[in-house]
Structures are given as structure tokens and as C-alpha cells.
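Student: Could you take me through one part of this model up close? I'd like to see how it sits with the rest of the chain.

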Amino acid sequence: FPNELQIPTEGRKITECILKLIKRSCLTLPFDFRGDSVQRQKEAMVATLWLDNKVISLLSTNVQPQGSGVTQPRQKDGTRSEVECPDSVLSYSKNMVGVDHANQLRHYYMVWLKCRKSYKYIYNFLLDMSITNAYIIFNQYSDDQKTTLKNFLLTLASQLIGDYTSRKRPGRKPS
């Protein structure tokens with residue numbers, strides 16, 4: 001990172017500028033050991049580069065750049081070793097578990113329709129997300145034992161379809 005960040009004051013341009021700085025920094029800053037990190041702050045935005053197996057870059061507004069903690073990643077042989085990491089990485093790891101679990105559930109039985117229009121993709125995503133959220137809330141508040149996602153989807157589909165039939169009724173055709 002340069003010592004002084006020349007960052008504009010408009011929202012989207014701030015993020016684009018910091019991302020460019022991070023990409024440039026990955027090429028120019030050599031990291032020697034696993035756990036090395038570099039952090040820079042501009043007002044409330046903290047940009048972090050941290051070397052784990054790869055260089056990890058984060059933008060954060062909820063931590064200070066001075067703090068650091070210790071994580072214990074699993075090695076290839078199954079053992080654990082202590083590695084120093086910035087607070088922004090610890091906060092991200094701690095808070096993203098629920099989001100990762102929801103994405104995993106959403107991908108099991110997706111409403112997958114191949115579409116080129118972005119609004120259709122957004123609609124399918126929102127439909128998948130609302131079904132996943134309904135499943136999580138149902139399991140959280142139901143008194144019975146937990147139901148599987150497949151059984152929940154089958155029950156939901158049968159309740160939505162109900163008595164609908166696509167058969168045409170016999171009778172005279174309109175002229």
C-alpha cells in the first residue's frame with residue numbers, strides 16, 4: 001500500500017479504488033511466512049491483506065487495524081498449528097458460518113432454470129432464498145423433531161399445488 005491513500009469520497013468509487021490498491025499490493029508486497037499481514041485504514045474503512053495458504057484480502061468497517069488474534073487452521077496431515085491473523089479475518093470467520101450454511105442448504109435443491117435475463121436469475125435466487133429461510137425458521141420453531149429439507153420441499157409443494165389440476169373440463173368450446 002502507498003503510505004497515503006488517495007481515496008475519493010463517493011461510495012462506489014471508494015470501494016473500487018481500495019480494491020485496485022489491494023490487487024496492486026498483492027503483486028508488490030512479498031509475504032515471507034504464513035500469518036503475515038498488512039492493514040491500512042482510511043476513515044472507517046480498513047483494508048487487510050493476510051497470507052494464509054493464499055493471500056486473502058478483506059475490506060471491513062467493523063474492526064480496528066491494530067488488533068490481531070490467533071487461529072488454529074488444520075494442516076494437511078490433520079494437526080493444528082497457531083497462526084497469527086488480523087481481527088477482521090477472525091470477525092469474518094466467526095460471523096460467516098450462518099451465511100455459508102444457508103448457501104449450502106440453498107444449493108441442495110435449487111429452482112434451476114437456465115435463463116439469460118438477469119431479472120429471471122434474481123427471481124430464482126430470491127425464491128431459493130425464501131424457501132431456505134422458511135425451512136430454517138420452520139425447524140427453529142417446530143416442536144416436532146427436525147424435518148429434512150427434501151420432506152419440507154415436498155410438503156410445501158403439495159400445499160401450494162393443493163387441488164389444482166390442468167385437465168380441461170368437458171364441454172362446448174367457445175366459438
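Tutor: Quick bit of vocabulary before we zoom in: a helix here is a DSSP run of type H or I with at least four residues, numbered from the N terminus. Keep in mind, too, that this is a predicted model.

Let's take helix H4, residues 118–141, which is where you'll find Ile122. Is Ile122 buried, partly exposed or exposed? Buried would need under 20% relative accessible area, and exposed over 50%. Ile122 has a relative accessible area of 46%, so it counts as partly exposed. Ile122 also has nonpolar company: together with Trp112, Tyr121, Phe125 and Leu126 it forms a patch on the surface, and the accessible area of the five together is about 570 Å².

Now go along to Thr132, which is in H4 as well. Thr132 has a relative accessibility of 4%, so this one is buried. What does Thr132 touch, if you skip residues up to four places away in sequence? The answer is Ala102, Leu105 and Arg106. So H4 holds both a partly exposed residue, Ile122, and a buried one, Thr132.

To place that helix, step back to the whole chain. There are 5 helices and 5 strands, and from the N terminus they run α-β-β-β-β-β-α-α-α-α. Of the 175 residues, 25% are buried. The accessible surface adds up to about 14,100 Å², with 53% of that belonging to carbon and sulfur atoms.

For a look at a helix against strands, try H2, residues 87–95, where Ser88, Val89 and Ser91 are buried. Looking down the axis of H2, you'd see its buried residues within an arc of 165°, so they line one face of the helix. What do they pack against? Strands E1 (37–42), E2 (45–51), E3 (55–60) and E5 (83–86).

Val89 leads us inside, as it belongs to the largest nonpolar core, a set of 5 residues that also takes in Trp50, Leu58, Val83 and Cys85. In soluble globular proteins, nonpolar side chains tend to be buried together. Cys85, with neighbours within four places in sequence left out, is in contact with Trp50, Ser68, Gly69, Thr71 and Leu90.

One more stop: Val46, in strand E2. Its relative accessible area is 0%, so Val46 is buried. Setting aside neighbours within four places in sequence, the contacts of Val46 include Gln39, Arg40 and Gln41, then Leu58, Leu59 and Ser60, plus Val63 and Pro65. Pro65 is 19 residues from Val46 in sequence, yet their C-alpha atoms are 6.5 Å apart in space. Across the chain, 38% of the contacts between residues at least 6 apart in sequence join residues at least 24 apart.

Notes:
Residues are numbered from 1 along each chain as its sequence is written. This is a predicted model: local features need pLDDT of at least 70, side-chain atom pairs count only at pLDDT 80 or more; totals for chains, interfaces and linings use all residues. Side-chain values use heavy atoms; hydrogens and water are left out. Patches are made of residues with over 30% relative accessible area and no salt bridge: like charges are joined within 9 Å, nonpolar side chains (Val, Leu, Ile, Met, Phe, Trp, Tyr) within 5 Å. Accessible areas come from the Shrake-Rupley method with a 1.4 Å probe; for residues, only the protein chains shown count as cover. A salt bridge is a side-chain nitrogen of Lys or Arg within 4 Å of a carboxyl oxygen of Asp or Glu. Helices (H or I, at least four residues) and strands (E, at least two) are DSSP runs, numbered from the N terminus. Buried means under 20% relative accessible area, exposed over 50%, partly exposed in between (1.4 Å probe, protein chains only). The arc is that of the directions from the helix axis to the C-beta atoms. Contact means heavy atoms within 4.5 Å. A nonpolar core is a set of buried Ala, Val, Leu, Ile, Met, Phe, Trp, Tyr and Cys residues joined through side-chain atoms within 4.5 Å.
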